[in-house]
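Reader: I am a first-year student, and I would like a close look at one part of this structure. Please take me through a place where helices pack, and then show me what lies elsewhere.

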Amino acid sequence: MELKNVLKKFEEYAPTKTAEKWDNVGLLVEPYTSTPIKKIFMTNDLTEAVLEEAIASGANLIFSYHPPIFSAMKRLNVRDVKQRIVIRAIENRIAVYSPHTAVDALNGGVNDWLASAFLDPPLHSADDSSIESHAKVLEALKKGSKEGKVTVVQPHNAIDPNQAYKFVVTVPADSLDKVRSALGNVGLGQIGNYSQCSFAIPGTGTFQGNAESNPQVGKKENLESVQEMRLEMVCGKDKLGRAIEAVKASHPYETPAWEVYPLEPTPVPDTGMGRIVKLDQPQTLAWAIDRIKKHLKMDHIRVAIPQGSSVDQHRVSKIAICAGSGASVIGSSHADLLFSGEMGHHDVLAAIERKSAVALCDHSNTERGYLQFLKRHFRHIFNDSIEIEISQVDRDPLQIM
């Protein structure tokens with residue numbers, strides 16, 4: 001399969017426009033000579049050890065959850081490890097793609113995968129990769145938001161390109177349909193599956209033409225008062241010029257009055273950073289810790305407990321979740337439990353002072369397990385036409401001894 005077609009599938013699954021503005025996502029390395037993609041090699045972090053593993057496997061494309069290129073590179077030389085990775089990938093004609101926070105924000109993405117640990121039945125990384133199993137897992141990942149048990153902490157805001165502006169024009173009532181039709185014909189009023197969408201309210205318009213004017217209504221140099229309609233339609237930025245021309249061509253007045261207002265982005269449903277899980281019944285912190293360990297397949301995690309409490313005494317009804325580094329997303333949450341990969345020392349102190357417990361599993365341990373689901377998903381969307389392999393040497397750099 002051509003690289004451009006693989007990238008299209010990636011984009012359809014996790015649109016890069018939902019990633020955080022500071023992030024560096026998408027295709028990061030593209031070999032000059034095009035090579036059909038026969039094998040995708042997946043990893044959480046692209047280290048030199050992982051790259052050697054990918055080269056040995058015969059991969060054409062590395063899917064690295066974290067972007068190996070983040071800070072600007074002013075040169076490429078072998079003395080810097082990040083630059084060496086890029087050089088070696090190019091030398092071996094291997095493309096590198098990273099989704100990072102686009103997958104974090106996704107409905108059914110990394111944070112929903114973490115949230116599923118606390119839902120019943122709990123979802124753990126299964127080995128069955130059949131299409132039927134894949135569909136069930138995807139449904140389970142979205143189950144919490146469907147039932148209202150899982151909500152987004154920081155919603156992703158976006159705007160439909162066709163609704164970036166509100167175009168407003170005042171027009172005599174008997175010309176309303178003509179002007180609305182002219183604006184609709186150049187693309188205004190597009191909302192979802194509907195066209196010619198508009199809103200009109202009556203009002204009184206006044207004007208006084210000068211000696212050089214040629215008013216359609218009334219006389220020049222007289223103050224005229226006319227019953228008019230205020231017509232409003234949404235409009236894309238690329239259609240503003242055509243909208244103005246359409247008004248000039250269809251409006252009865254010599255000088256039509258029109259205005260343009262920019263519209264604010266609105267939250268995309270079930271999409272954004274972090275998740276809040278609301279349990280049906282309060283549980284002990286010990287119960288939550290057990291769920292986390294099983295979900296992430298970890299024997300030990302770090303836990304902070306409010307003074308005077310214990311894992312059996314601290315009750316959990318509300319859980320704030322953020323994969324990776326969570327302080328900026330859930331650090332100030334008043335949830336009973338904050339669950340993330342890492343948080344700063346003072347953020348943890350502030351949390352337990354608010355009577356919130358904290359569970360930390362180290363950064364990439366809260367992300368890596370999701371690759372098992374993605375492998376299943378990629379096999380499904382590529383219909384097993386591309387071999388998918390997950391790195392065996394990729395691991396969190398921190399170990400609890």
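Author: **Helix H7 and its partner**

Start with two helices. Helix H7 covers residues 176-185, and helix H8 covers residues 240-250. Their axes come within 9 Å and cross at roughly 150°. Angles over 145 degrees count as roughly antiparallel, so H7 is roughly antiparallel to H8. The crossing of H7 past H8 is right-handed. Keep in mind that this is a predicted model.

Which residues make the contact between H7 and H8? From H7 come Lys178, Val179, Ala182 and Leu183. From H8 come Ala243, Ala246, Val247 and Ser250. Sort these contact residues by character: six are nonpolar, one is polar and one is charged.

Now look at H7 by itself. Its buried residues are Leu176, Val179, Ala182, Leu183 and Gly184. Val179, Ala182 and Leu183 are thus buried, and they also belong to the contact with H8. What covers the buried residues of H7? The cover includes H8, and with H8 come strand S6 (165-172), strand S7 (199-208) and strand S8 (223-235).

Follow the chain past H7. Gly187 comes after the helix, and its phi is positive, near 105°. Further on, Gln196 sits in the loop between H7 and S7. Its phi is also positive, near 60°, and Gln196 is not a glycine. Most residues other than glycine have a negative phi. Is Gln196 buried or exposed? Its relative accessibility is 31%, so Gln196 counts as partly exposed.

His100 is another residue to check. Its phi is positive, near 35°, and His100 is not a glycine either. His100 lies in the loop between strand S4 (95-98) and helix H4 (101-105). The cut-off for buried is under 20% relative accessible area. His100 has 10% relative accessibility, so it counts as buried.

**A second pair of helices**

Next, turn to helix H1 (residues 3-13) and helix H12 (residues 370-381). Their axes come within 12 Å and cross at roughly 125°. That makes H1 oblique to H12. H1 passes H12 in a right-handed crossing.

Who meets whom here? H1 brings Lys9, Phe10 and Tyr13. H12 brings Tyr370, Phe373, Leu374, His377, Phe378 and Ile381. Seven residues of this contact are nonpolar, one is polar and one is charged.

Two names from this contact come up again. Phe10 and Phe378 belong to one aromatic cluster, together with Phe63, Tyr97 and Phe382. So look at Phe10 and Phe378 twice: in the contact of H1 with H12, and in the cluster.

**Aromatic pairs**

How many aromatic pairs does a search of the whole structure find? The search finds 14. Take Phe118 and Trp287. Their ring centres are 6.3 Å apart and their planes stand at 40°, so this pair is tilted. Phe118 lies in the loop between helix H5 (110-115) and helix H6 (131-146). Trp287 lies in helix H9 (residues 285-296). The pair therefore ties together parts that are 169 residues apart in sequence. Phe118 is also buried, with a relative accessible area of 2%.

Terms used
Residues numbered from 1 in each chain as written. Predicted model: local features only at pLDDT ≥ 70, side-chain atom pairs only at ≥ 80, totals over all residues. Heavy atoms only, no water. Phe/Tyr/Trp six-rings, centres within 6.5 Å; stacked < 30°, edge-to-face > 60°. Helix = DSSP H or I, 4+ residues; strand = E, 2+ residues; numbered from the N terminus. Buried < 20%, exposed > 50% of the residue type's maximum accessible area, 1.4 Å probe, protein only. Axes fitted to C-alpha atoms, helices over the stretch in contact; angles between N-to-C directions. Parallel < 35°, antiparallel > 145°, perpendicular 65-115°, else oblique. Left-handed = near helix turned anticlockwise from the far one by under 90°. Contact = heavy atoms within 4.5 Å. Nonpolar A, V, L, I, M, F, W, Y, C, P; charged D, E, K, R; others polar.
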